[in-house]
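Reader: Hi! Could you walk me through this structure?

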Amino acid sequence: MIKIENLEKVYKTEEIETTALNGINLHVKEGEFVSIMGPSGCGKSTLLNVMGLLDKPESGSYKFVDTELLTLNDRERSNFRKRNMGFVFQNFNLIDELTVFENIELPLIYNKVPATERKKLVNEIIGRMNIVNRSGHFPQQLSGGQQQRVAVARALVTKPKLVLADEPTGNLDSTHGNEVMELLCELNETGTTIVMVTHSSHDASFSNRIINLKDGHVISEKINKGRTEELI
Amino acid sequence: MFKLNLKIALRNLWKNKGFSLINIGGLAIGLTCSLMLLLYVNYEWSFDKQLKNFDKIYLAKLNLKFNGNIATTGAVPYKLTGAVMEEIPGIKRASRFYVHHGSKLFSKGENKFKLKSLYVDPSFIQILRYNFLYGNEGSALSKPNSLILTASTAKKLFGTENPIGKSVKWDNLKELQVTGVIEDLPKNQSIQFEILQPWAFFEQIDSSVKTSGWGSIDCAALFELKDNASVEQINGLLKNFVVNKEPELKSYIYEPFLFPLSKIHLYSQFENGKVVGGGIDQVKLFAFLALCVLLVACINYMNLSTARSEKRAREVGVRKALGSSRQTIMGQFILESLMLSLFSMMIAFALVEVSLPYFNNLLAVTIEINYSSYLFWTVIIGLILITGLLAGSYPAFYLSSFIPVKVLKGFKGSIGTLSFRRALVVLQFSLSVCMIISAIVVYNQIQFLKNRPLGFDQNNMVQLDLEGAFKDPSKTEIFKKELLQAGAIVAASEFASPFTEGGTITGDVSWPGKPATDRSIINYRSTGFAFTNTIGAKVLAGRDFSPQFSADTNTSVLLNESAVKLMNLKKPVGTIIHWDNEPLKIVGVIQDYFSERLGKIGEPTLFYYNVKTSGVLLLRLNPNQSLTTSIEQIKRSTQKFNSAYPAEITFVSEGMQTKLQSERLLSILSNVFGGFAIFISCLGLLGLALYMAEQRSKEISIRKVLGAGLSDILVLLNKDFMKLVVIANVIAIPIAYILMTNWLKKYDYKIDVNYLPFLLAVVASILIALLTVSLQTFKVAKANAVDALKYE
């Protein structure tokens, strides 16, 4: 589904140039669950941002199914993103001023889904995420795990083809972390493609494939046999 | 510690140049405006206060019954001062002074000038204690033919030589002797003149002065009280002073009282015999305006400083973690704002100095900065301190209250401060909107008064004083004929006094059906033939005075519309009325015209033919000939007929221009300073927009990641600000409405306050705010979403 070829990204400040991505090639099949691992500053978040169309690389190609995404302009990128992708962040990135329900509803509003349908979709996902009794609360009234469920719910409510997760368990304790990972697995089992950045090999063990980055290069790729077999 | 604070403060200012610029700029403009207004307020306030004994000096005022109301005039009987000195204790000195309409000719050889002179009692110069350059207080007015000149008058007539003992010719008739020269009068003194002449001289040239009774009021009177005298006591004795001597005046009330000279300038409006205000209202308004502009500027600073707080939060956190106390940190921020206000004051100072000449020119005043005055420096330093403390206090309290751990972990501004700052912005904008509305209403009213039909044609109309040879009516007649033949004018008529100034009044007119208790007072003006043609007024009934009717020169009168209304005459033309018991026949009715006051209803006026007592000649220029040609012809003829006098021809339209002076002033000031207030408010809004954008950058990024477009974000951010501006409008509109309807009350003819100025203000404020905010929000909305999310 995703074909990334020769991706390069350089960060420039006044004095230094940092190469974040240095000729990355990556293919992701539909329905796959890919983990990206590597030390700090290896470019894994940058790669995820580029995949999420939040950042533009200097050169290379990024094909989604058969569409070249890097030549799109801002508006097209934004449109493509809201129809096809969902995001889960380490620090949840919920809007404090909005309730759980409203937070989840937001992407549907931007996708111009009619109000009655929005209500149906949000309630459905709230049910699935097991946060029904929390729908009128504000993010700060929830525990970290609950907040991340809301974030996952928000990422899924538009039924995206691709979910991008940036260290989704980074701010959670292991119990809550596992809950979230199980949630992602369930999601993956229903056919959603997931790309996840993580530090934790425990989390990575939930995925089908683990890609190791260092200094902007892919240094190794590992098929997670257990999971893949399970999948088969 | 102080040195370190100073270093941080300076580096901070330098590091954030844009921010410092907005901040210093806003404060500087605010300070400039308020300094300027305060200078003006001080100028007005300082009137007559430069006299050493000003609190002991009083002017006589007289309450009179005037067409049903009580009018208060500064004119009193000639006999008042003498009688009061004799009979009422507590008065040290008293002096009459008589002010001419217009000016008199004074000549020294070929140096001829029309100058403003006062006839005064010798004690006048002792009361007002002028500084004598030549001569002395004691003897300068001892002889009837003495003259006291001001320094610049002396220079005009004599150049640099010592004028003492030299002679000056008065009105081309009498040689007078200069006995004193005094320093030029400060502009902020109410009693202004170029020459002083002794009262004895006045009595010589006008025999009626000595015999004038209590019923005629022609001069002003100045009193200096003894140190221990109580003005209340004296006023108690003065109340019935005149009516005790002349009981029949009782029906006119006729109560004199003393009024402080130092208040004359600002308190000139009397109602029912009591002072109700005057220029002071405007001065108070301007002082208030100065405060508002300064407040708006200070609010700005608070907004911008707290907006930047996130960037400073880390510094505060680190300093607190290193053991700095809250006081030190507060000191730091106060010092910073004091430094900013010092810089701003320096800029404001330069701006004031640069713009003062324009300001003076615009308002026709002579304000200058008195650098040697303690008051001035106190105010300057006071303003720096107040501005610095006021502007810096909130940021200091707010920023120093940060809890280090929270700040270092990542800072989130609290909701409480945001609503406080919202309130500040609402306040700012309310003030600005109020000012916009007021400026528009004042402007409309001025335009309305300007465009209102005057009842006469002010263009192509000039006047000249009837003096010298022109005192002889037959000569004036030949002069008129010559100008008519030459085609310079199309009509001419004598008139009592300068056309755009006030004139004489009488209570001695009676008419058929006049109630016995009626004490109506009527204006009277002498004219020549063809008066209505000359001024371009409409004759509503009957006819104008004409040489064809011999009775016109002694028993015919014209009335204006208001007089007919007052007398309730059904068929005015042909009616006989009495003036001083002499029967007079009404031959015509003139439509009311307004040459003396604008915006007021017409006053009943009677016109009679008398070219001998008339003081000016009104000329209607030939509209088919160029103005300069006509004026040249008139000047040449004047020189030929009346060579001893300079040919001074004044345009009536110029006199009319001065009528709206205070309205013009109000309009200019509210426009200019209202404009600045709005500008500063926009800076404030920009500050809040910066703050909000910074505050919400994470939220905006999340929304963008979730698919929000540019327009979604712009609407989201602008909506909040528009709410504030709308609230400000809701507050400002009723206040402005009340203010403006109150202000308009003093006009008999006024505009209806309709929705337009309000609509304009609403639209303008929203548009301006929208532009300002969008400038900032657009940047945030366009920014890369990842940047804000990355550094959490």
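Author: Happy to; we can talk about a sheet, a glycine and a record annotation.
Author: This is a predicted model, where local features need pLDDT of at least 70, side-chain atom pairs count only at pLDDT 80 or more, and totals for chains, interfaces and linings use all residues. Residues are numbered from 1 along each chain as its sequence is written, with chains lettered from A and ligands numbered from 1 in the order in which they are written.

Reader: Which order do the 6 strands of the open sheet in chain A take?
Author: The order is 6-7-8-3-9-10, with mixed pairing. Strands are DSSP runs of E, at least two residues, and helices are runs of H or I, at least four, numbered from the N terminus. Two strands pair if DSSP finds at least two bridges between them.

Reader: And which strands stand at the edges?
Author: Strand 6 (85–88) and strand 10 (217–223) of chain A; each has a single partner strand, so one side of each lacks a neighbour in the sheet.

Reader: How many bridges join strand 7 to strand 8 of chain A?
Author: There are 5, and the two strands run parallel. A:Val163 stands opposite A:Ile194 in strand 8 of chain A.

Reader: New topic: is A:Gly145 buried or exposed?
Author: A:Gly145 is partly exposed, because 18 other C-beta atoms lie within 10 Å; buried takes 20 or more, exposed 12 or fewer, and partly exposed is in between, with C-beta atoms placed from the backbone. A:Gly145 is in helix 5 (residues 144–156) of chain A.

Reader: What does the UniProt annotation cover in chain B?
Author: The unreviewed entry gives "domain: ABC3 transporter permease C-terminal" for residues 288–399 and 671–784 of chain B. UniProt positions use the numbering here, feature names are shortened, and annotations may be inferred rather than shown by experiment.
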